[in-house]
Structures are given as C-alpha cells and as structure tokens.
Amino acid sequence: MKRRIYRQILSGVLGILLLLSLAGCGQTNAIAKPDKTMEAFYDLIIRQDTSAMTDLGIDSKESKETLKTYQSSMVSTIQKSFKDAGVAITKSQAKDIFKAISKKLASLEYKVSVVKKNDKESTVKVSSQYINYLDIFKQAKQTTLDELKPLHIEKLSDAKKQLVSNVIDSFNSAPVSNDMHDKTFTLNLQKIKSGNNTIRIFFPEKYEEVGNKLTEIVTNQ
C-alpha cells in the first residue's frame with residue numbers, strides 16, 4: 001500500500017506546475033533571480049505557501065487557486081490510494097492525513113544555491129532535510145496490527161479509524177533528518193505572458209519534473 005500511495009501522490013504534483021506556467025502574472029521590469037524561483041516552487045509544493053510565488057510576479061489570486069486545486073487533488077489521491085489498497089477512508093480522513101503530512105514537511109529546513117549562471121540559463125541546487133516517508137506508513141500499519149490483536153475489534157470502521165489515527169500520529173512524531181539531500185535544476189530565462197502583462201523569469205527547463213524531484217528530496221526517495 002505504502003509504495004502505491006507514494007507514487008500516486010507524486011503524480012498529483014504535476015498538475016500544479018502546468019497551471020503555474022499558465023498563471024496570470026503582474027507586470028514587472030526586474031528579472032527574478034533563479035534561486036528565488038526554486039525557493040518559490042519549494043514553498044508552494046512542500047510548504048503550501050504561495051507568498052514567494054506572488055513575490056515573483058505571479059498573480060496572487062491565481063497562485064491561491066492553483067494551490068487550492070493542488071490540495072484538493074492530493075486529498076483525492078490519498079483517498080483513492082487507500083481504496084486501491086483495500087481500505088476505504090472518508091474524504092475527511094484523507095484531509096486529516098494530508099494535513100499531518102503537510103505540517104511535517106513544512107517543518108523541514110532547506111536552502112537554495114546557484115551553481116552556475118549566465119544571461120540565459122542557470123543551474124540551481126535545492127537541498128533539504130527529509131523524512132523517511134515510506135517507513136512512516138509501514139510503522140503506522142504495524143502499530144495498528146499490534147493494537148488490534150488484543151482489542152478484538154470487529155467493526156471494520158473502527159479498524160480504519162485506528163489506522164488513520166496511527167498514520168497521523170506517525171507523521172506528527174516522525175523524526176526529521178540531521179543531514180540534507182539535494183537535487184539540481186536547470187532554469188532558462190523565459191517570458192511568461194498573461195493578457196498584456198509579461199514577466200521575465202528564470203523558469204525550470206523541465207517544469208513537469210520539479211514536483212517529483214522536490215518530493216523525492218523531502219521523502220528520502
């Protein structure tokens with residue numbers, strides 16, 4: 001179950017990046033630094049924070065709507081992943097799990113540095129602490145099995161509640177790494193248009209891979 005959940009959550013990240021590439025942008029004369037672009041992507045995807053994207057010139061309303069769409073997609077993905085694994089949970093339970101995951105990931109420390117840069121292209125390294133994502137689900141599953149044996153729980157709904165509770169507790173108490181993992185990204189200077197407004201920004205060359213790579217960093221994959 002845990003690997004299926006991980007793969008499907010990763011796939012849900014991609015939609016948000018496409019929306020961002022088409023998002024409305026405020027007019028600006030300054031070219032955003034490439035490290036600021038990757039900080040904005042990290043904050044949006046990992047920390048659920050749109051403020052850095054807005055600082056780049058991305059329209060605030062568009063950023064918030066994109067984040068809302070992403071969050072809704074993640075909740076649906078979690079719910080579907082559990083169902084595919086034979087454990088049907090409610091949307092409310094999926095939201096609670098997503099909140100626990102997001103809160104833990106938001107606590108991670110990270111840094112962004114420019115490796116090299118010219119007028120048209122830049123290589124940027126993102127380094128971040130991480131959690132052992134798959135081990136957390138494994139721990140929650142085993143804890144639930146151990147707890148159910150002496151309790152003689154007969155109702156499936158009660159067993160599901162126990163599992164969801166343990167998943168949430170496991171994320172809340174999960175240790176954060178002392179070291180950091182990192183990945184590099186290539187960004188190209190681009191013009192992103194929305195109506196009559198245009199911003200010049202260093203944007204990931206393969207933006208559809210950004211979500212996967214950032215999530216792999218923070219989940220130790």
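Colleague: When do two rings count as a pair, and how many aromatic pairs does the structure hold?
Modeller: Rings of Phe, Tyr and Trp (its six-membered ring) pair if their centres lie within 6.5 Å; planes under 30 degrees apart count as stacked, over 60 as edge-to-face and the rest as tilted. This is a predicted model, where local features need pLDDT of at least 70, side-chain atom pairs need 80 or more, and totals for chains, interfaces and linings use all residues. Residues are numbered from 1 along each chain as its sequence is written, and side-chain values use heavy atoms, without hydrogens and water. The number of aromatic pairs is 6.

Colleague: Is the pair of Tyr42 and Tyr110 stacked or edge-to-face?
Modeller: The centres of Tyr42 and Tyr110 are 3.8 Å apart. Their planes are at 15°, under 30 degrees, so the pair is stacked.

Colleague: Why does this pair tie together parts that are apart in sequence?
Modeller: Helices (H or I, at least four residues) and strands (E, at least two) are DSSP runs, numbered from the N terminus. Tyr42 lies in helix α2 (residues 34-45) and Tyr110 in strand β1 (residues 110-117), so the parts are apart by 68 residues.

Colleague: Is Tyr42 buried or exposed?
Modeller: Buried means under 20% relative accessible area, exposed over 50%, partly exposed in between (1.4 Å probe, protein chains only). Tyr42 has 1% relative accessibility, so Tyr42 is buried.

Colleague: Which helices hold Phe82 and Phe137?
Modeller: The ring centres of Phe82 and Phe137 are 6.5 Å apart, with planes at 55°, so this pair is tilted. Phe82 lies in helix α4 (residues 60-84), and Phe137 in helix α6 (residues 133-151).
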